[in-house]
Amino acid sequence: MSPAWLLLLTQILLVAEAKKNVPAVIVFGDSSVDSGNNNVIATVLKSNFKPYGRDFEGGRPTGRFCNGRVPPDFIAEAFGIKRAIPAYLDPAFTIKDFATGVCFASAGTGYDNATSAVLNVIPLWKELEYYKEYQAKLRAHVGVEKANEIISEALYLMSLGTNDFLENYYVFPTRRLHFTVSQYEDFLLRIAENFVRELYALGVRKLSITGLIPVGCLPLERATNIFGDHGCNEEYNNVAMSFNKKLENVITKLNRDLPQLKALSANAYSIFSDIITKPSTYGFEVVEKACCSTGTFEMSYLCSDKNPLTCTDAEKYVFWDAFHPTEKTNRIVSNYLIPKLLATFR
Ligand SMILES: *[C@@H]1O[C@H](CO)[C@@H](O)[C@H](O)[C@H]1NC(C)=O
């Protein structure tokens, strides 16, 4: 057999094995991973209209805050499961679909209950309630034994925290009056830790947690950084780095305390930072502004199909709207994380 064929065969076997060992991908978090739950709740923070989803299969807006797919979709595909993770609240899908992957994430949410309240989205505790409901449905669908196997072998992804700072702490005085930044980080991470402990008690074993990306470089934060000449907001980036560091410690502690847990820190800060500082290396032409509309402040309903300024080729842009990466960025970041995930959970 030629080396190329051998390589191909090895890859096929690896994916087949991955599929066997990780039967489902299950997602908690915010808009970085929401695949459409906000479509059906009473919030203004939606993206189920064009131009969102214009590069998704069929050019279909799904409720993903992107022109195409988000990282859990790429991760599920890499594990040989499916190309897109359906949203739990999407009536187009049933437990049959959710048995191999489901998303409970809600754009605009955070660890802090007060964050989800800002735009009336799904609080993290409620994502957990939905997950419990899912477990019951799964047991009814495939039987208790098979369901328990899926529950313990599935790969769980968590991605949130950005909104706690950018939509809550730095916008409203309530939390700032009570917490320093460092205290607020600790407050959020206590919630994160309890959340993982609850997941563990429910049978979850394989978990990947993503902290914060360089949030000070999101186009919206650059646009509002008037005194910083519209560069990245370094204070916000420093918060992201210190939050991530503390998150690593929490993950280490959880792995020590919970004997059967395998929790991985899927830190995306460095890859994002690399893309932002050297965009042309990755084939990007624009990093300061987003593709949608003026690219400085628009997202959700402000990112309208009517706006003639929206770019024609999102592959040239790091950011799709003022707060969210393009599909291309999501693909690059996922490709960076996937080998780690495969090595840990396959
Ligand atoms: C968030 O709200 C839920 C429901 O009211 C409550 O059970 C939980 O304790 C709250 N979390 C925190 C950290 O206050």
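**Exercise 1. Place Val333 in the fold and decide whether its side chain is buried or exposed.**

Solution. Begin with the secondary structure: in this predicted model, Val333 lies in helix H13. Next, consider accessibility, where the cut-off for a buried residue is under 20% relative accessible area; Val333 has 6% relative accessibility and therefore counts as buried. Then look at the neighbours that are not close in sequence: leaving aside residues up to four places away, Val333 touches Ala268, Ile271, Phe272 and Ile275. Finally, compare the position along the chain with the position in space, since Val333 and Pro71 are 262 residues apart along the chain, while their C-alpha atoms are separated by 7.6 Å.

**Exercise 2. Pro71 belongs to helix H2; work out which residues of this helix are buried and what they pack against.**

Solution. Helix H2 spans residues 71–78, and six of its eight residues are buried, so the helix is largely enclosed by the rest of the structure. The buried positions are Pro71, Pro72, Asp73, Phe74, Ile75 and Ala76. As for their surroundings, these buried residues pack against strands S1 and S3 and against helix H13, which covers residues 327–345. Just after H2, the backbone at Gly80 adopts a positive phi of about 75 degrees.

**Exercise 3. Derive the strand order of the open sheet, and state which strands form its edges.**

Solution. The sheet is open and has five strands in the order S2-S1-S3-S4-S5, with parallel pairing. Its edge strands are S2 (101–103) and S5 (262–265), each of which pairs on one side only. On average, and ignoring direction, neighbouring strands of this sheet are turned by 15 degrees against each other. Helix H11, made of residues 234–257, packs on the sheet by touching S4 and S5, and the direction of H11 makes about 165 degrees with that of S5.

**Exercise 4. Follow strand S3 through its pairings with S1 and S4, and explain why S3 is described as largely enclosed.**

Solution. Take the S1 side to begin with: S1 (residues 25–29) and S3 (residues 155–159) run parallel and are joined by five bridges, with Leu157 of S3 serving as the bridge partner of Val27. On the S4 side, five bridges likewise join S3 to S4, again with a parallel run, and Ser159 stands opposite Thr210 of S4. Then examine the side chains: Leu155, Leu157 and Ser159 point one way from S3, Tyr156 and Met158 point the other way, and all are buried. Because five of the five residues of S3 are buried, the strand is largely enclosed by the rest of the structure.

**Exercise 5. Find the strand that holds Ser208, and list the residues that Ser208 touches.**

Solution. Ser208 sits in strand S4, which comprises residues 206–210. With a relative accessible area of 3%, Ser208 is buried. Not counting residues up to four places away in sequence, its contacts are Leu155, Tyr156, Leu157, Met158, Leu264, Ala266, Leu341 and Phe345.

**Exercise 6. Identify what covers the buried residues of helix H7.**

Solution. All of the positions must be considered here, as eight of the eight residues of H7 (residues 162–169) are buried, so the helix is largely enclosed by the rest of the structure. They are Thr162, Asn163, Asp164, Phe165, Leu166, Glu167, Asn168 and Tyr169. Their cover includes helices H4 (113–118), H8 (173–178), H9 (181–201), H10 (219–224) and H11.

**Exercise 7. Thr310 lies in a loop; determine whether Thr310 is buried or exposed, and which residues it touches.**

Solution. The loop in question runs between helix H12 (269–277) and strand S6 (319–321). The relative accessible area of Thr310 is 14%, so this residue is buried. Setting aside residues up to four places away in sequence, Thr310 touches Arg54, Cys291, Cys292, Ser293 and Ser304.

**Exercise 8. Describe the surroundings of the ligand, and state what percentage of its accessible area the protein covers.**

Solution. The residues around the ligand are Asn113, Trp125 and Ile191. Turning to individual atoms, a polar side-chain atom of Asn113 lies 2.3 Å from an oxygen atom of the ligand, and an N or O atom in the side chain of Trp125 is 3.5 Å from a ligand oxygen atom. On its own the ligand has 360 Å² of accessible area, of which the protein covers 36%.

Note on methods:
Residues numbered from 1 in each chain as written. Predicted model: local features only at pLDDT ≥ 70, side-chain atom pairs only at ≥ 80, totals over all residues. Heavy atoms only, no water. Near = heavy atom within 4 Å. Polar contact = N/O pair within 3.5 Å; in protein donor to acceptor, adjacent residues only side chain to side chain. Areas by Shrake-Rupley, 256 points an atom, 1.4 Å probe, with all protein chains shown as cover. Helix = DSSP H or I, 4+ residues; strand = E, 2+ residues; numbered from the N terminus. Buried < 20%, exposed > 50% of the residue type's maximum accessible area, 1.4 Å probe, protein only. Contact = heavy atoms within 4.5 Å. Pairing = 2+ DSSP bridges. Axes fitted to C-alpha atoms, helices over the stretch in contact; angles between N-to-C directions.
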